[in-house]
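Thank you all for making the time this morning. I would like to walk through one model, beginning with a single residue and working outwards from there, so please have the view open while I talk.

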Amino acid sequence: MAKCYDILVRLLLLGDTGVGKSCILCRYANDEFLDTHISTIGIDFKMRTVNMDNKVAKIQIWDTAGQERFEAITHQFYRRAQGVLLVYDLCSRTSFENLSKWLTYVDEFANEDTELLLLGNKSDRCQWREVSCEEGQKFAEQYNMKFFETSAKNRENIDKAFQHICEGILQKQSLKRSTQSLNTSTSSNSHLVHRGRSVLSLESKHEDNSMKTSEHSYWRCCAGVM
Ligand SMILES: Nc1nc2c(ncn2[C@@H]2O[C@H](COP(=O)(O)OP(=O)(O)OP(=O)(O)O)[C@@H](O)[C@H]2O)c(=O)[nH]1
Ligand SMILES: [Mg+2]
């Protein structure tokens, strides 16, 4: 099948049950909002195509269930994510306190260079707020994440948050590409130096293939789980 995009970005939504992950995704992908809580079973996904840097970017977003009983399923998806949106409900201190648990999972199951973004959702319910904006900001800074307060209900910061994480991922990728080409030229130079002089051997760096899962095997793997 012909590829109809230039860039594929894979994101994962994580956080306690009820914080609004599915609503954030519905708002971003379909511009819809659902008032009732229908708990996600295992994992779900949606896509949106956007223009970034004059390229067509397909954003594939995996929406995980916050309930503990699905963790064994959802952990399998962490490694394929280039970015994780970590969500808490700013009207629920428990969901904020549980962020460290989600970060432990990210540490354990995601790639080291996964881009992270913290979202304090339900900003339209400020009168019931249990977590201040400053606390959210401070937590995010501790883990080197950018932070947004969002509302899936009134759209606040939803597009901005997705745009931010995608840009971060693309910047990281282009930096990685430049480093790799630099390494390649260094290692080919090192080869020449080694052959020509027979004395100097510079160690060539191995290319990091961890993020190069082909889309084909990716889909096969998901199909096995779904
Ligand atoms: N007021 C308000 N309610 C929201 C917002 N986002 C989600 N909700 C409500 O919060 C409840 C839970 O939303 P979901 O998106 O289903 O939560 P979830 O994080 O996907 O939950 P799980 O699938 O169980 O992990 C629903 O009743 C939503 O209507 C928001 O920004 N503002
Ligand atoms: Mg859900």
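Let me begin with Asn30, which lies in helix α1. Is Asn30 buried or exposed? It counts as exposed, because there are 10 C-beta neighbours inside 10 Å, and the cut-off for being exposed is 12 or fewer. Asn30 is 18 residues away from Arg48 along the chain, and the C-alpha atoms of the two are separated by 8.4 Å.

Before going further I should say that this is a predicted model, and that every value I quote is computed from it. The mean pLDDT of the chain is 84, with 81% of the residues reaching 70 or more. Over residues 190-226, however, the pLDDT is below 50, and this stretch has 20 contacts in the model beyond near neighbours in sequence. Where pLDDT is low, the predicted coordinates should not be read in detail.

Now to the overall layout. The chain holds 7 helices and 6 strands, and, read along the sequence, these follow the pattern β-α-β-β-α-β-α-α-β-α-β-α-α. Of the 226 residues in the chain, 29% are buried. If we take the contacts with a separation of 6 or more, 71% of them are between residues 24 or more positions apart.

Let me turn to the strands. Strand β1, residues 7-14, pairs with strand β3, residues 55-64, in the parallel sense and over 7 bridges, and within the model Leu13 stands opposite Asp63 in β3. On the other hand, strand β2, residues 43-52, pairs with β3 in the antiparallel sense, over 10 bridges, with Thr49 opposite Lys58 in β3. β2 and β3 form a hairpin that has 2 residues between the strands, and Asp53 in that turn has a positive phi of about 50°.

Further along the chain, strand β4, residues 83-89, runs parallel to β5 and is joined to it by 7 bridges, and here Val87 stands opposite Leu119 in β5. β5 also pairs with strand β6, residues 146-150, again in the parallel sense, this time over 5 bridges, and Gly120 is found opposite Glu149 in β6. How much of strand β5, residues 115-121, is buried? The strand is mostly covered, with 6 of its 7 residues buried.

That brings me to the nonpolar core. The largest one has 41 residues, and those with the most contacts inside it are Leu11, Leu12, Leu13, Leu85, Leu86 and Val87. The largest share of this core, 6 residues, comes from helix α6, residues 158-197. Leaving aside neighbours within four places in sequence, Leu13 is in contact with a set of residues that includes Ile24 and Leu25, Ile61 and Trp62, and also Leu85 and Val87.

Two isoleucines are worth following in the viewer. Ile61 has its place in strand β3 and counts as buried, because it has 23 C-beta neighbours inside 10 Å, where the cut-off is 20 or more. Not counting residues up to four places away in sequence, Ile61 touches Leu11, Leu13, Leu25, Ala29, Phe45 and Lys46. The C-alpha atoms of Ile61 and Gly83, which are 22 residues apart along the chain, are separated by 9.4 Å.

The other is Ile158, found in helix α6, which likewise counts as buried because of 23 C-beta neighbours inside 10 Å. Ile158 and Ile24 are 134 residues apart in sequence, and yet their C-alpha atoms are 7.0 Å apart in space. Apart from residues up to four places away in sequence, Ile158 touches Ile24, Arg27, Tyr28, Thr150 and Ala152.

Finally, the ligand. Which residues come nearest to ligand 1? Of the 24 residues around it, they are Thr17, Gly20, Ser22, Thr40 and Gly66. By class, this shell has 6 nonpolar, 12 polar and 6 charged residues. The largest share of the shell, 3 residues, comes from helix α1, residues 21-30, which takes us back to the helix in which Asn30 lies.

Notes: Residues numbered from 1 in each chain as written. Chains lettered and ligands numbered in written order. Predicted model: local features only at pLDDT ≥ 70, side-chain atom pairs only at ≥ 80, totals over all residues. Near = placed C-beta within 6 Å. Helix = DSSP H or I, 4+ residues; strand = E, 2+ residues; numbered from the N terminus. Nonpolar A, V, L, I, M, F, W, Y, C, P; charged D, E, K, R; others polar. Core = buried A, V, L, I, M, F, W, Y, C linked by C-beta atoms within 7 Å. Contact = placed C-beta atoms within 7 Å. Pairing = 2+ DSSP bridges. pLDDT = per-residue confidence, 0-100.
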